[in-house]
Amino acid sequence: MKYSFIIPVFNRPDEVDELLESLSRQTLRDFEVVVVEDGSSVPCRDVCDRYAGRLDIHYYNKENSGPGQSRNYGAERAHGEYLIVLDSDVVLPEGYLRAVDEELVQRPADAFGGPDSAHPSFTPVQKAISYSMTSFFTTGGIRGGKKKLDKFYPRSFNMGIRRDVYQRLGGFSRMRFGEDIDFSIRIFRAGCCCRLFPQAWVWHKRRTDFRKFWRQVYNSGIARINLYKKYPDSLRLVHLLPMVFTVGVSVLALLIVVGLGLLIAGSHAVLGTWLALLGVAPLLLYALLILIDATRVSGSVRVGCLSVASAFIQLMGYGCGFISAWWRRCVLGHSEFSAFDKTFYK
C-alpha cells in the first residue's frame, strides 16, 4: 500500500463525514484511512462505519492527548509507504491524491504539503477567514504558497511524509500548538527533501466564527515564540510583521483618541484634527485595500467586508499572542504555555 491518510478528530463527526465522502471519490485508490478519535464526547464511529464498504478505513478511539500525539498514534498503526496527515475540517477535490502521486513519480520527496482554498459552500465568515489566512496582504501569501520559496514548511492540515522518515524523526512533538512547524523544522534539519505540491490543494474550513479564529491565531503567535525558544534561528522577519502591525494599530488608535480629545476640548482643534486624521487614514487605506482585494478574489462584497474584520483579527490576534509570549518567556523567563487549550475548539 502506498498511502495512508491519518486523521485525528475531536468532536467533529459532521466534518469527518464530509472528509470521508471526499476520500471515497478519489480517482486514485491505493490508500487506507486511519481515523483517530482523540477522546471525543461526540464520537464519529458511526460515521466511519458507514464508509466501511467504500474505503479501507480503520477507526481508533483513545484518551485525549492533542492532535500531535493522535497523529503519532495513527502513524504507528498505518501501513502506507507515505503518511498523509489531514485535519478533520478539510475536504479533498477528486484529483488530490493523483496530484500527489504524479509529483512523487516526477521527483521523489521525503515530505511534502499543499495549499488550501475556500469551497463555494463555505459560509461568508469561513471564506473571509480563508482569505485572511492565504492573502499576501495579511502575510498569508508568503507562508509557502509559491514554488519560488526556498523552503516550504508543510502544515498539519495537508502534510505528507515518508513513513520511514516519520518514524526516524519520532513524529510530532508534545507541543500543543505549532507542533506541525516544529516537525517541519526537524525534517529540514535532518537533511530531508521537502516540497510544495501546488496541485495537491484542499478546501480548508478553518474556524467557523471570529471568536474561535481569534483563539487560533492568538495561540499561533504564542507558538511562534515557543518555537523560537526551541530553535532560535527559526525566527524570520515575516514572523515579526503581525507584532509590528499590532503595535502600529495601537499607536494609531492612540493618536485618534488624543486627537478626538483635543477636538472635544476645543483648545487645539487644528492639532486634534491632524492627529485624528493621521491615525484614521492608514487604517482606512488598509481596510480599503483588503475590501477591494477580498471582493475581487471572492466575488462577494459581503465576504470583502467580513475579510476586513478577519484580516485585523488574524494580524492582531497573532501579534498579541506573540507579544504576550515574548514578555512571559523571553523577559520573565516562564516556561512554555498556551492561552486557549481546553476551550480552544468551543
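**Exercise 1. The three-stranded sheet**

Work out the order of the strands in the open sheet of three strands, and find its edges.

*Solution.* Remember as you go that you are looking at a predicted model.

Step 1. Reading across this open sheet gives β5-β10-β7, and the pairing is mixed.

Step 2. The edge strands are β5 (90-91) and β7 (116-117), since each of them pairs on one side only.

Step 3. Now look at how β7 meets β10 (residues 202-204): the two strands run parallel and are joined by two bridges. Within this pairing, serine 117 faces tryptophan 203 of β10.

**Exercise 2. The seven-stranded sheet**

Trace the open sheet of seven strands and say which strands stand at its edges.

*Solution.* Step 1. The order is β3-β2-β1-β4-β8-β6-β9, again with mixed pairing.

Step 2. The edges are β3 and β9 (194-196); each has a single partner strand, so one side of each has no neighbour in the sheet.

Step 3. Ignoring direction, neighbouring strands here are turned against each other by 20° on average.

Step 4. Zoom in on β1 and β2, which run parallel and share seven bridges. Two places to find on screen are valine 9, whose bridge partner in β2 is glutamate 37, and proline 8, which stands opposite valine 36 in β2.

Step 5. Finally, add a helix: α7 packs on the sheet and touches β6 (111-113), β8 (158-162) and β9, with its direction at about 35° to that of β8.

**Exercise 3. A covered strand and the loop before it**

How many of the residues of β2 are buried, and is aspartate 30 buried, partly exposed or exposed?

*Solution.* Step 1. In β2, eight of its eight residues are buried.

Step 2. Side chains in a regular strand alternate between the two faces of the sheet. Sort the residues of β2 by side: Phe31, Val33, Val35 and Glu37 lie on one, while Glu32, Val34, Val36 and Asp38 lie on the other. Both faces of β2 are covered, as all of these residues are buried.

Step 3. Step back to aspartate 30, in the loop between α1 (13-24) and β2. Its relative accessibility is 38%, and because buried means under 20% and exposed over 50%, aspartate 30 counts as partly exposed.

Step 4. Apart from neighbours within four places in sequence, aspartate 30 is in contact with Met1, Lys2 and Tyr3. For a sense of scale, try valine 202: aspartate 30 is 172 residues from valine 202 in sequence, and their C-alpha atoms are 19 Å apart.

**Exercise 4. A mostly buried helix**

Find which residues of helix α3 (residues 67-76) are buried, and which elements they pack against.

*Solution.* Step 1. α3 is mostly covered, with eight of its ten residues buried.

Step 2. The buried residues are Pro67, Gly68, Gln69, Ser70, Arg71, Asn72, Gly74 and Ala75.

Step 3. Their packing partners include the strands β1 (3-9), β2 (31-38), β3 (57-62) and β4 (82-86). The helices α6 (163-169) and α7 (179-189) are also among them.

**Exercise 5. Two helix pairs**

At what angle do α5 and α8 pack, and at what angle do α10 and α11 cross?

*Solution.* Step 1. α5 and helix α8 (residues 210-230) pack at about 25°, with axes 11 Å apart. Angles under 35 degrees count as roughly parallel, so α5 and α8 are roughly parallel to each other.

Step 2. The crossing of α5 past α8 is right-handed. From α5 come Val125, Ile129, Ser132 and Met133; they meet Phe210, Phe213 and Val217 of α8. Sorted by class, this contact has six nonpolar residues, one polar and no charged ones.

Step 3. Turn to helix α10 (residues 269-298) and helix α11 (residues 301-331): their axes come within 8 Å and cross at roughly 125°. That makes α10 oblique to α11.

Step 4. α10 also passes α11 in a right-handed crossing. The contact includes Leu283, Tyr286 and Ile290 of α10, and Val301, Val308 and Phe312 of α11. By class, the contact of α10 with α11 has 13 nonpolar, four polar and no charged residues.

**Exercise 6. One glutamine**

Is glutamine 126 buried or exposed, and what is it in contact with?

*Solution.* Step 1. Glutamine 126 belongs to helix α5 (residues 124-134).

Step 2. Its relative accessibility is 8%, so glutamine 126 counts as buried.

Step 3. Leaving out neighbours within four places in sequence, glutamine 126 is in contact with Lys205, Arg207 and Thr208.

Note on methods:
Residues are numbered from 1 along each chain as its sequence is written. This is a predicted model: local features need pLDDT of at least 70, side-chain atom pairs count only at pLDDT 80 or more; totals for chains, interfaces and linings use all residues. Side-chain values use heavy atoms; hydrogens and water are left out. Helices (H or I, at least four residues) and strands (E, at least two) are DSSP runs, numbered from the N terminus. Buried means under 20% relative accessible area, exposed over 50%, partly exposed in between (1.4 Å probe, protein chains only). Contact means heavy atoms within 4.5 Å. Two strands pair if DSSP finds at least two bridges between them. Axes are lines fitted to C-alpha atoms, for helices over the stretch in contact, and angles run from 0 to 180 degrees between N-to-C directions. Angles under 35 degrees count as roughly parallel, over 145 as roughly antiparallel, 65 to 115 as roughly perpendicular and the rest as oblique. A crossing is left-handed if the near helix is turned anticlockwise from the far one by less than a right angle, and right-handed if clockwise. Ala, Val, Leu, Ile, Met, Phe, Trp, Tyr, Cys and Pro count as nonpolar, Asp, Glu, Lys and Arg as charged, and the others, Gly among them, as polar.
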